[in-house]
Structure formats: C-alpha cells, structure tokens
Amino acid sequence: MKIAFIEQNQNINRGSYRVHIRDLDIYLKEIGIDSKINPKNINNYDVIIFGKGTCINTIKKYKKLNKKLGITTPTCREKDNLDHKIVDFCIVGSVEEKDSLSRLYKNIFIIPQIESIYRNPKKFKTHEEKKEIIIGYHGNQNHLNHIRLSLKNSFEKLYNNYKHKYDIKFIYTCSNNEEWVTEKPNIPMEFIKWDINNIENTLLKMDIGVVPNICEFKLGGHDDENITLGRYSTDTMIRFKNKSNGGRSFVFHQMKIPVIADYTPSNMRILADLRNGYAVCSEEGWYRALEELLDYKKRIKVSENAYQEFNRVYNPLDWAKMLASNLEKI
C-alpha cells in the first residue's frame, strides 16, 4: 500500500499540518509504508489523504482516479461539510472528535496529537529545589478564556499564600496576546510568542504545566422532584468543543513537566492514574494540585511516571500501524 498526502498549506506553525500530515508521513515511513507529501505522480499511490480544510472541488478532482480518499479533522457541522459524501474515511485526533463525526463518516481513524518534535527533545526538564516557580501554559490562546474563576482563583490563592516562600509566576506561550480577554489572574505573568524554533527552550522554563479546556463547569441545581430521576444538586456539568484532545498535555508529558489538566476525556488515559498527574476542575482541585507540585520531589516523581506511561500508550508507530491496518481493510 502506498499513501499520498495532498496539502497545499505546508505552514509548520499549523498544528493540523504538523501532526496529521508531516508527522504522520514520518511515522508511516518508519514502519515501512511508502508515503509522500504532494507526490508528482499520484497514480502510483493507493490512498490519498487531504489536509485539513481542503476545498471540496479539489477532492472531487481525485474521485475519478479510483483511489481510497481520506480527509483530516473535518468539521462536524453538516452544512459546512460535504466531503463526507465523497471520501472513504477521515482521520481525527481524539475519541471526542471521532464520536462527534460518527453520524457523517463510517470509517473514522484516530491519530493522537503526538508531536514528533518532542519525541527526542534536546533536553528534558530538570526539577530541583529553587525559589522561583513557573506555572506554564502553551497552545491556542482561546483556551485561556476557559480558565474561568476556579483556576484564576487558585492561582491567586497560591500566590498570596506562598509569596513569602516562592517567587510564583505564570508564563503563557501562544500565537498572540490579544484573544485572552477574560479571567486573567492577578499574579506576575509573562507572555512569550509561540515560536517553533524556540518552543523547547520556552517549555523548559516551566515547572508545572496547566491545561484548561473545559469552558463551563458548575454543579447542577435540581428540585426534589428530579432526584427520583437520578439528578442531584451535586451533579457536575461540563462543556468542551468536539475537537478536544490530549495534545497540550502530551507535550508536557514528553518534556517531563508535571501536568494539571481538567478532566476532558482525552486527558484521562494518562491522568486517571493519580501517580501520573492531576485531573481537576474545581477551585479546590486546582489549588491542591498546584500546592503539591511546589515540592520539587513531587514534580520529579509525577513527571517521570507520566513520561513512562505516555511512551507506553502513545507510541506513534503503534498508532501508525493501526491506521495502516485499518486502511488495508477498507
């Protein structure tokens, strides 16, 4: 089987290109699959995979070639999505995304957001006893609007309770500093523009990684009549986008930086084991996790556990083999 990728926008700053085109091409080659990005002679290939956002008219041109056609991370809004009537499969980054697209596509395959640039980092984070503690964030700046009061308040509480002992600071790296418009914590903060050429050095400054994603979190309030239906005032209600995935947690795991994340489903394969990190949503949960990780020995232990478990369950070559096997079946 030979696989071709069609991608006109090879912008290395686009995560969708890096993970599902460039990196997947690397992994397929490593397991012995003949794959190529934008080959000159498409007739030599059995499977064609189109990059995210490829124009439907472009895809239609390849339909007559009698190849298996696939698309990466399509939209789940049917009014914006016509390619599901043309392609044979799609590739997504998480179980959340897979389920949201199940009404449109029969064959949906997962390639998790495993960034090849962090597989063999130049350096891992070294945790040691020190006064300065850097809490760090990386990723799309819109997720910072999901910090909500629970995380904001925990930052401020930690800073106020421990500023006599530690210099606590929050560093966030993303593409710009303009779209974080709500719930900024009142603690020392620094913005660093995301740069693929320097992202490893930026991450190595961080002692604790935080991964907010759930944009609404509250306890449900129901009257006594609904208790008979199994609804209680202590129920938790959460909201997250359909393309949610574990990619931002993965980067911290790969760099041996301990993670505190909310319990978005994709985070839980690693964080459900309490030895590997922290899955929280409440203000108390965020605060207690941050407080525990002020201890550098705890940071060492948690980050090493998560690193080992990540490499076990998220070996990209295993996922590439699974994809190749599934493509053979269709």
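I take a pocket here to be an open set of grid points with protein on both sides within 12 Å along at least five of seven lines, and I count a residue as lining it if the residue has an atom within 4 Å of a point.

**Entry 1, the largest pocket.** I am working from a predicted model, and I began by looking up its largest pocket, whose volume comes to about 950 Å³. I noted 31 lining residues, and of these Gly15, Ser16, Arg18, Gly139 and Asn140 lie nearest the centre of the pocket. I then asked which helix gives the most to this lining. I found that α1 does, with five residues, while α1 and α7 (247-255) each supply at least two.

**Entry 2, strand β1 and its partners.** From α1 I turned to the strands, since I had noted that β1, helix α1 (residues 15-30) and β2 make a right-handed β-α-β unit. I recorded that β1 pairs with strand β2 (residues 34-37) in the parallel sense over four bridges, with Ala4 standing opposite Lys36 in β2. I also recorded a parallel pairing of β1 with strand β3 (residues 47-50), over four bridges, in which Ile3 stands opposite Val47 of β3. I next checked the burial of β1 (residues 2-6), and because four of its five residues are buried, I describe this strand as largely enclosed by the rest of the structure.

**Entry 3, the nonpolar cores.** Ile3 came up again when I looked at the largest nonpolar core, which holds 65 residues and in which Ile3, Phe5, Phe50, Leu69, Tyr105, Leu203 and Tyr314 touch the most other members. Helix α11 (residues 316-329) gives the most to this core, with six residues. I listed a second, separate core of 28 residues, which includes Leu144, Phe155, Leu158 and Tyr166. Going back to Leu203, and leaving out residues up to four places away in sequence, I found that Leu203 touches Tyr118, His138, Val251, Phe252, Met255 and Ile257.

**Entry 4, Lys125.** Is Lys125 buried or exposed? I found a relative accessible area of 11% for Lys125, and because buried means under 20%, I entered this lysine as buried. I placed Lys125 in the loop between β6 (108-110) and β7 (132-138). What does Lys125 touch, if residues up to four places away in sequence are not counted? My list for Lys125 reads Leu204, Lys205, Met206, Asp207, Met255, Lys256 and Ile257. For one of these, Lys205, I also noted that its C-alpha atom is separated from that of Lys125 by 8.0 Å, although the two residues are 80 residues apart along the chain.

Terms used
Residues numbered from 1 in each chain as written. Predicted model: local features only at pLDDT ≥ 70, side-chain atom pairs only at ≥ 80, totals over all residues. Heavy atoms only, no water. Buried < 20%, exposed > 50% of the residue type's maximum accessible area, 1.4 Å probe, protein only. Pairing = 2+ DSSP bridges. Right-handed = clockwise from strand over helix to strand, strands pointing away. Core = buried A, V, L, I, M, F, W, Y, C linked by side-chain atoms within 4.5 Å. Contact = heavy atoms within 4.5 Å. 1 Å grid on protein atoms, 1.4 Å probe; cavity = no way out; pocket = protein on both sides within 12 Å on 5 of 7 lines; lining within 4 Å. Points joined across faces, edges and corners; volume = space filled by probe spheres on them.
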